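Here's a quick tour of one chain, from its overall build down to a helix pair and a couple of odd backbone angles. Have the structure open as you read.

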Amino acid sequence: MTSSHSASGSRLASRLGFSDRVFVGPSARRLAREVEAGLDVIESGLAEDLRVADSLADAAARYLFEAGGKRVRPVLTLLVAQLGDGNIAPVIDVAKAIEITHLGSLYHDDVMDGADRRRGVPSAHEVWGNNVAILTGDILFSRASQIMSRLGERAIRLQADTFERLVLGQMHETIGAQPDDDPIEFYIQVLADKTGSLIAAATQAGIIFSNAPSAFEEPLRVYGEKVGVAFQLLDDVIDLSADAENTGKVPGTDLRAGVPTMPYLLLKTDTDATSIDLAARIDAGVAEIADGADPAILDGPLAELRDHAATQRTLDLARTWTDDAISAIAPLPSGPVREALTRFAQTLADRSS
């Protein structure tokens with residue numbers, strides 16, 4: 001293996017979260033080179049697509065892009081596109097549009113959740129205020145729509161359907177489960193809409209716009225949605241043990257803001273006295289924070305939740321979703337694409353360690 005071959009495999013593996021052992025054969029090395037080459041084009045293209053004539057809008061629009069990120073969604077689009085015509089122009093464009101949509105959603109999410117950091121830097125609303133952050137997200141959604149419009153009706157419909165689900169997911173998370181809703185099922189649907197839908201769009205688009213066999217589209221849509229749910233379930237676990245210095249997140253950010261996560265929801269299903277007491281203390285702390293108390297009052301209860309069986313059950317649930325994602329892509333031909341997608345799903349749980 002030449003150094004350039006090894007470097008491509010290592011970079012791609014790093015983006016997907018696993019070792020590069022999956023990229024050891026000639027076809028796998030070729031796959032890694034193709035995906036990395038496509039990603040280079042996407043990265044430079046994003047830098048141009050995010051430029052805005054207005055100086056304030058320009059700085060805000062490029063802020064989170066320049067803060068970094070693994071570009072998982074474009075990587076998945078490029079990866080599955082190798083089942084078709086590879087890195088052709090429509091694939092590059094749709095991957096850019098999906099990543100811009102993701103970036104736009106981050107601006108909105110951080111305002112809604114009151115998160116003060118993102119990707120190791122202050123959140124956009126901490127820099128420019130809520131109004132500018134929300135409007136910047138709107139600009140990014142507009143840019144993504146412009147790109148999709150050049151790809152035809154199928155792309156426009158994919159973007160519109162995905163965007164609707166993103167909004168509904170955020171709306172339902174904000175409103176919360178209603179008395180007739182099962183809280184666990186309700187939350188899973190929120191995750192499927194907020195996170196799964198965009199990852200599903202990324203994998204689905206890689207098939208559609210590379211002219212790959214249409215029979216692969218539905219398996220990859222299902223794979224993307226299930227991986228997205230698993231990803232977010234694991235993020236709920238990470239949220240309880242986040243190292244602010246390394247991750248840019250304060251532990252328990254979501255719960256401190258009154259946003260339920262799966263460990264908390266599963267804790268609420270337990271009927272033993274210890275669990276009931278812990279849930280009550282978390283609820284009381286959230287209410288006090290909403291009234292202006294120091295968020296640090298939840299440090300102790302959240303540390304207890306991190307070590308509670310409910311958090312382990314969340315990990316187990318996430319593994320069920322990753323197993324289902326792997327099963328969904330059984331119709332794909334054996335080879336480096338399916339192997340990479342399988343390894344990506346299998347190693348998601350490593351994010352929680």
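## Ground rules

Helices here are DSSP runs of H or I with at least four residues, strands are runs of E with at least two, and both are numbered from the N terminus. Keep in mind that you're looking at a predicted model.

## The chain as a whole

Counting that way, the chain comes out with 17 helices and two strands. Its C-alpha trace spans about 55 × 45 × 40 Å along the principal axes. The radius of gyration is 20 Å, which agrees with the value near 20 Å that a compact globule of 353 residues would have.

How much of the chain is buried? Of the 353 residues, 51% are. As for contacts, take those between residues at least 6 apart in sequence: 71% of them join residues at least 24 apart.

## Helices α13 and α14

Next, zoom in on α13 (residues 262-269) and α14 (residues 273-290), which pack with their axes 8 Å apart at an angle of about 130°. That angle makes α13 oblique to α14, because it falls outside the ranges for roughly parallel (under 35 degrees), roughly perpendicular (65 to 115) and roughly antiparallel (over 145). The crossing of α13 past α14 is left-handed.

Which residues make the contact? On the α13 side they are Tyr264, Leu267 and Lys268, and α14 brings in Ser275, Leu278, Ala279, Ile282 and Asp283. Sorted by class, the contact of α13 with α14 has five nonpolar residues, two charged ones and one polar one.

## Two positive phi angles

Now for some backbone geometry. Most residues other than glycine have a negative phi. Arginine 71 goes the other way, with a positive phi near 60°. You'll find arginine 71 in the loop between α3 (55-66) and α4 (72-81). Is arginine 71 buried or exposed? Its relative accessibility is 4%, so arginine 71 counts as buried, the cut-off for buried being under 20%.

Asparagine 211 is another non-glycine residue with a positive phi, near 65°. This asparagine is in the loop between α9 (183-208) and α10 (217-241). With 54% relative accessibility, asparagine 211 counts as exposed, since the cut-off there is over 50%. Put side by side, arginine 71 is a buried loop residue with positive phi, while asparagine 211 is an exposed one.

Notes: Residues are numbered from 1 along each chain as its sequence is written. This is a predicted model: local features need pLDDT of at least 70, side-chain atom pairs count only at pLDDT 80 or more; totals for chains, interfaces and linings use all residues. Side-chain values use heavy atoms; hydrogens and water are left out. Axes are lines fitted to C-alpha atoms, for helices over the stretch in contact, and angles run from 0 to 180 degrees between N-to-C directions. A crossing is left-handed if the near helix is turned anticlockwise from the far one by less than a right angle, and right-handed if clockwise. Contact means heavy atoms within 4.5 Å. Ala, Val, Leu, Ile, Met, Phe, Trp, Tyr, Cys and Pro count as nonpolar, Asp, Glu, Lys and Arg as charged, and the others, Gly among them, as polar. Buried means under 20% relative accessible area, exposed over 50%, partly exposed in between (1.4 Å probe, protein chains only). The radius of gyration is taken over C-alpha atoms; the globule rule is 2.2 Å times the number of residues to the power 0.38.
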